[in-house]
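Open the model in your viewer and have the selection tool ready. We will go stop by stop, and each stop says what to pick and what is there.

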Amino acid sequence: MLKDSATDSLHGAPAGFEHDAFVHAGDEDFVPRAAAFVREGQAAGETIVAVLPPERIAVLRDALGPAGDAVQFADMTVAGGNPARLIPFWRGILEQHPGPVRGLGEPAYPGRGPAAYDEVLLHEALSDIAFATDRSFRLCCAYETSVGIDPTASHAGADALAEKAFRTRLDDVPDRAERWEFGPGELGEVRQWLSGQAASHGVSRDRLDDLSLALHEICTNSIRFGGGRGTLAVWIADGALICDVTDRGRIEDLLVGRVLPPLDGLGGRGVWLANQLCDLAQLRSGDDFTQVRLHTRLR
């Protein structure tokens, strides 16, 4: 359950998984609260994993002293640069450690863009669903006041919050975007067109290869599951090349792309790959639409 560690105000998650949060004003406020959370877990014999931005790792290590050697640290800008990778990250930790696990994270670290903060909020709600039955997992997330996110705000519950966010379209595609309507037999042309767009904006060869593979998978999903056709829009914003794919399909599974689908499963692998290959991936799906927006940094 997501609650503020100071006020214990419930976020409405199912019983079992403990999901805590606290708001801090910077390192001087963060360090004592985070260190106390870690030491409490160490005293209880729990595995401690801290996923934080590099500068936050440095100050927490310093505060913990020798006790910090027993903490597993991971760089949030890598593990959770795309917030959709965090549920698989934590699932991997739980599989490695059968005993109680105490996690500390800062997914909404300063410097992210608005789209990434939106995905952090969706991730937080989906975490309560993904780990609802994991009674040996406690996760505490820190939020700096400067990012403008209040995790203690009243919500209707994790399920309802995630459902509402997932079923709501993303912001409109800007008028300046280049658009391409595609269908069966046109995916090669789509990739060629994207290559020209990306090259003209300075996207590196390696990053273009990743984006091309991710986009191919998403466009293939549109053809297979979204009515046989789709619309691709491409534009530049906030230092990234953005590709938006929409079709008329509907995805039921709120955790699609955050749980590795079985090899013999139908669908889901394209979204998983997009989450691994892109700097940020956003997915929304409602009664008559599915929308996937891929962000690739220009530099």
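**The whole chain**

Start with everything shown as a cartoon. The protein has nine helices and eleven strands. Helices (H or I, at least four residues) and strands (E, at least two) are DSSP runs, numbered from the N terminus. This is a predicted model: local features need pLDDT of at least 70, side-chain atom pairs count only at pLDDT 80 or more, and totals for chains, interfaces and linings use all residues. Residues are numbered from 1 along each chain as its sequence is written, and side-chain values use heavy atoms, with hydrogens and water left out.

Now show the C-alpha atoms alone. They fill a box of roughly 60 × 35 × 35 Å, taken along the principal axes. The radius of gyration of the protein is 20 Å, which agrees with the value near 19 Å for a compact globule of 299 residues. That radius is taken over C-alpha atoms, and the globule rule is 2.2 Å times the number of residues to the power 0.38.

Of the 299 residues, 53% are buried. Buried means under 20% relative accessible area, exposed over 50%, partly exposed in between (1.4 Å probe, protein chains only).

**Stop 1: strands S5 and S6**

Select residues 101–105, which form strand S5. How many of its five residues are buried? Five of the five are. Both faces are covered: Val101, Gly103 and Gly105 lie on one side, and Arg102 and Leu104 on the other. In a regular strand the side chains alternate between the two faces of the sheet.

Add residues 137–144, strand S6. Seven of its eight residues are buried. S5 and S6 pair in the parallel sense over five bridges. (Two strands pair if DSSP finds at least two bridges between them.) Look for Gly103 opposite Leu139 in S6. Then find Leu104 opposite Cys140 in S6.

Next, add residues 18–24, strand S2. Seven bridges join S2 to S6, and the two run parallel. His19 stands opposite Leu139 in S6.

Finally, add residues 47–52, strand S3. S3 pairs with S5 in the parallel sense over five bridges. The bridge partner of Val51 is Gly105 in S5.

**Stop 2: Leu60**

Select residues 54–64, helix H2, and pick out Leu60 in it. Is Leu60 buried or exposed? Leu60 is buried, with a relative accessible area of 0%.

Show what surrounds Leu60. Leaving aside neighbours within four places in sequence, Leu60 is in contact with Phe30, Val31, Ala34, Ala35, Leu52, Phe73 and Leu104. Contact means heavy atoms within 4.5 Å. Try a distance label too: the C-alpha atoms of Leu60 and Ala35 are separated by 6.8 Å, although the two residues are 25 residues apart along the chain.

**Stop 3: the five-stranded sheet**

Move on to another sheet. It is open, has five strands in the order S7-S8-S9-S11-S10, and its pairing is antiparallel. The edge strands are S7 (178–182) and S10 (280–286), and each pairs on one side only. The twist averages 15° from one strand to the next.

Zoom in on S7 and on S8, residues 230–237. Five bridges join these antiparallel strands. Arg179 has Ala233 in S8 as its bridge partner.

**Stop 4: helices H7 and H8**

Select residues 187–200 for H7 and 205–225 for H8. The two helices pack at an angle of about 145°, with their axes 10 Å apart. Axes are lines fitted to C-alpha atoms, for helices over the stretch in contact, and angles run from 0 to 180 degrees between N-to-C directions. Among the residues that make the contact are Leu187 and Leu194 of H7 and Leu211 and Ile223 of H8.

Bring the sheet back. H8 packs on it, touching S7, S8, S9 and S11 (289–297), and its direction makes about 10° with that of S9.

**Last stop: Asp238**

Select Asp238, in the loop between S8 and S9. What is the phi of Asp238? It is positive, about 50°, although Asp238 is not a glycine. Most residues other than glycine have a negative phi. Turn on the surface: at 78% relative accessibility, Asp238 counts as exposed.
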